[in-house]
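Subject: The structure for you to look at

Hi,

Here is the structure I said I would pass on. Have a look at it first, and then read on for what turned up.

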Amino acid sequence: MKQSRLLIHTLREVPRDADVVSQQLMMRAGMIQKVAAGIYDYLPLALRSIRKFEQIVREELERDGCQELLMPTVQPAELWQESGRWQFYGPELRRFKDRKEADFCLGPTHEEVVTDIVRGRVNSYKQLPMNLFQIQTKFRDEIRPRFGLMRGREFIMKDGYSFHADDADADREYWAMFAAYKRIFSRVGVKFRPVEADSGAIGGSFTHEFHVLAGSGEDAILSCDRCEYTSNIEKTEAPRLPYPHAHEPVLGLQHAHFHTPGIIAMEEQARAFRDAEHDGLPLDHASKYYLFRASKGEASWDIGLVLRSDHEPNTVKLKNLVGADFLELVPVEEAESRAGTRSGFIGPVEIEVPTYADASLEGAFNLTCGANRDGYHHFGFRPDRDLKHFKGFHDLRLAAEGDACTRCEGGHYQAFRGIEVGQVFKLGTKYSKSMSCTFLDKEGKENPMVMGCYGIGITRTVAAVIEQNHDADGIVWPWPVAPFEVHLLNLDPGNPEVSAVAEQVERDLEAEGFEVLHDDREGLSPGAKFKDADLLGFPLRLMVGSKGLKDGVIELKDRRTKELEKFPPGEGLARVRAARERIMGELAAAAGR
């Protein structure tokens with residue numbers, strides 16, 4: 001491919017509206033163009049990378065017997081109403097009416113449509129299991145589309161769905177897809193982690209997310225430094241901690257009201273407390289209280305949460321514990337009115353709502369808490385004794401880096417940032433029951449199918465690859481998803497000898513199956529071509545110039561290592577072939593670790 005004919009326009013400056021590295025580099029490299037907020041054109045270079053990744057996905061899924069189909073982007077409301085998600089999904093679901101006033105939506109996902117397909121065509125256990133997937137454009141009306149392809153409104157996604165006769169077979173397929181995803185991301189050439197996660201709006205009994213590790217990642221991940229346990233921080237099990245002050249005499253709640261005028265911050269409160277033996281109290285001697293409003297469907301109710309003051313609440317764990325769809329803090333003004341005091345002095349004892357305590361407070365006593373009196377705190381608080389509607393101790397805090405691993409002896413959590421690029425769910429019968437997707441078993445009894453769901457963000461993964469693989473000069477593509485494998489630079493296109501050698505090298509490489517972008521552009525200095533080559537970041541750069549040819553050589557540069565080789569033009573094919581073998585060998589070795 002001649003670069004002079006390629007639809008590309010590189011930029012030297014970072015576009016003003018580009019927030020993250022992948023967006024900046026893809027716009028500078030002429031790969032994408034913004035059409036509207038969260039909506040982009042995929043220009044030729046971007047599309048080549050996207051198609052390569054799609055092919056890797058197809059090959060690995062078809063290896064496991066998955067069948068590809070294509071479902072419509074526009075979906076009728078009736079299907080979503082059957083599943084119960086028409087109202088539950090929220091404003092990200094772009095609803096609209098057609099000219100006959102019928103309700104439709106732009107599909108953000110396709111559980112309902114695929115369930116409708118299967119229930120109309122599969123009716124016997126003999127036809128199960130079945131695994132169907134598509135690669136298709138989705139639309140989710142994100143409230144804050146940002147970060148280029150990382151969080152857009154329109155994007156390309158692979159979504160797959162499996163149907164089974166029982167839980168055991170659904171579990172088997174879940175782990176088969178888990179293994180397939182590991183193969184897919186290993187083939188791409190990125191560092192990634194599969195992490196335990198919350199199933200969120202999709203639903204289901206358990207799930208894993210696949211994260212590309214990158215400092216710009218939106219998701220916090222905790223991973224054990226000894227075993228394989230890795231989890232999204234919202235899902236990570238927090239270890240139970242012994243109460244460090246168990247040697248103290250147990251005090252009653254009325255032991256004292258401490259006057260703490262104007263003191264709201266937990267650290268300041270701890271310093272303000274005094275007793276005979278301590279000059280202030282440690283943070284693990286204090287508690288803090290949150291008043292939440294939970295809702296499910298049309299119902300809503302208030303609940304309280306008590307934590308150690310140096311811990312943070314895990315609202316996902318609490319939401320799941322109480323069986324809510326949504327959870328939010330009660331508005332400050334309402335909470336203050338209910339407690340009869342200002343925020344900072346609100347406590348759990350006098351507020352009569354069901355109240356949960358984090359497991360780290362089990363066995364704790366002599367705690368501080370707000371006294372629901374302006375400028376005062378209690379000392380001597382014990383949750384299981386003093387709360388009127390106590391609902392027990394549960395794991396309800398965010399685990400943190402350095403916490404002991406709950407899955408092994410001696411391990412501790414390390415923190416990473418990750419970009420979620422894929423997820424596997426075990427859905428169970430959530431959709432098959434509500435939509436009557438059933439089959440007849442061996443005895444002729446009708447049963448709901450057990451389902452699984454498996455997604456990969458195609459365009460998001462391509463952006464995540466760049467987030468992980470770049471340097472100060474531009475993109476550093478892994479070989480498997482690079483738009484082109486070799487960037488051939490003609491440094492003197494006005495010289496017939498140089499052009500003849502470059503053309504021959506291009507023909508030799510393409511005959512061997514290499515994908516070559518030949519920079520044949522006139523009127524540019526070698527320096528300008530080097531800048532563009534660094535920005536585009538293809539794995540190998542082959543340079544042909546009049547100066548080198550005087551010495552009888554051309555040059556090959558590895559984009560990642562920056563190693564440079566010089567050799568006669570006739571050896572170009574062999575040297576590129578050897579470089580490819582070395583790069584792919586390193587990739588295979590990394591995947592095997």
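To start somewhere specific: which residues does E173 touch, leaving aside those up to four places away in sequence? They are N131, S162, H164 and Y454. E173 itself is in helix α6, which covers residues 167-188, and with a relative accessible area of 7% E173 counts as buried. Please keep in mind throughout that this is a predicted model.

Now for the overall layout. The chain splits into domain 1 (17-236 + 415-467), domain 2 (257-394) and domain 3 (484-590). I spent some time on how domain 1 and domain 3 meet. Their C-alpha centres are 38 Å apart, and the contact draws on nine residues of domain 1 and seven residues of domain 3. Between them the two domains bury about 670 Å², with 66% of that on carbon and sulfur atoms. On the domain 1 side, L45, R48 and K52 lose the most area to domain 3, and together they make up 55% of what that side buries.

What holds charges across this interface? The rule finds two salt bridges between domain 1 and domain 3. In one salt bridge, E515 pairs with R48, and the closest N and O atoms are 3.7 Å apart. The count of residue pairs in polar contact between domain 1 and domain 3 is one. As for which elements are involved, α1, α2 (44-63) and α6 each give two or more residues to the side of domain 1 that touches domain 3. The largest share there, three residues, belongs to α2.

E515 also has a salt bridge with K52, at 2.4 Å from N to O. That one links distant parts of the chain: K52 is in helix α2, E515 is in the loop between α13 (496-511) and β28 (516-519), and 463 residues separate the two. K52 is buried at a relative accessible area of 16%, whereas E515 is partly exposed at 25%.

Helix α1 (residues 21-28) is worth a look too. Why call it largely enclosed by the rest of the structure? Because six of its eight residues are buried. The buried ones are S22, Q23, L25, M26, M27 and R28. Just after α1 comes G30, which takes a positive phi of about 70°.

Back to salt bridges: how many does the structure hold? The total is 59. Here are a few to click through:

- R51 and E54 meet through their side chains at 3.0 Å, N to O. Both lie in helix α2, three residues apart, or about one turn of the helix. An α-helix has 3.6 residues a turn, so residues three or four places apart point the same way. Even so, R51 is partly exposed, with a relative accessible area of 45%, while E54 is buried at 4%.
- D558 and R582 form a salt bridge at 2.9 Å, N to O. D558 is in strand β30 (residues 554-558) and R582 in helix α16 (residues 572-592), so this pair ties together parts that are 24 residues apart in sequence. D558 is buried, with a relative accessible area of 5%, and R582 is partly exposed at 30%.
- E59, E60, R63, D64, R183 and R187 are joined into one network by salt bridges that share partners.

Last, the cysteines. How many disulfides does a search of the whole structure find? The result is zero. Two cysteines show what that looks like up close. For C66, the closest cysteine sulfur is in C453, and at 12 Å from the sulfur of C66 it is too far for a bond. For C405, the closest cysteine sulfur is in C224, 3.7 Å away, which is also too far for a bond, because a disulfide needs the two sulfur atoms within 2.5 Å. C66 is buried, with a relative accessible area of 7%, and C405 is buried as well, at 8%.

That is it from me for now. Have fun exploring.

Cheers

Note on methods:
Residues numbered from 1 in each chain as written. Predicted model: local features only at pLDDT ≥ 70, side-chain atom pairs only at ≥ 80, totals over all residues. Heavy atoms only, no water. Helix = DSSP H or I, 4+ residues; strand = E, 2+ residues; numbered from the N terminus. Buried < 20%, exposed > 50% of the residue type's maximum accessible area, 1.4 Å probe, protein only. Contact = heavy atoms within 4.5 Å. Domains from an automatic or database assignment. Buried area = accessible area lost by both parts, 1.4 Å probe. Salt bridge = Lys/Arg side-chain N within 4 Å of Asp/Glu carboxyl O. Polar contact = N/O pair within 3.5 Å; in protein donor to acceptor, adjacent residues only side chain to side chain.
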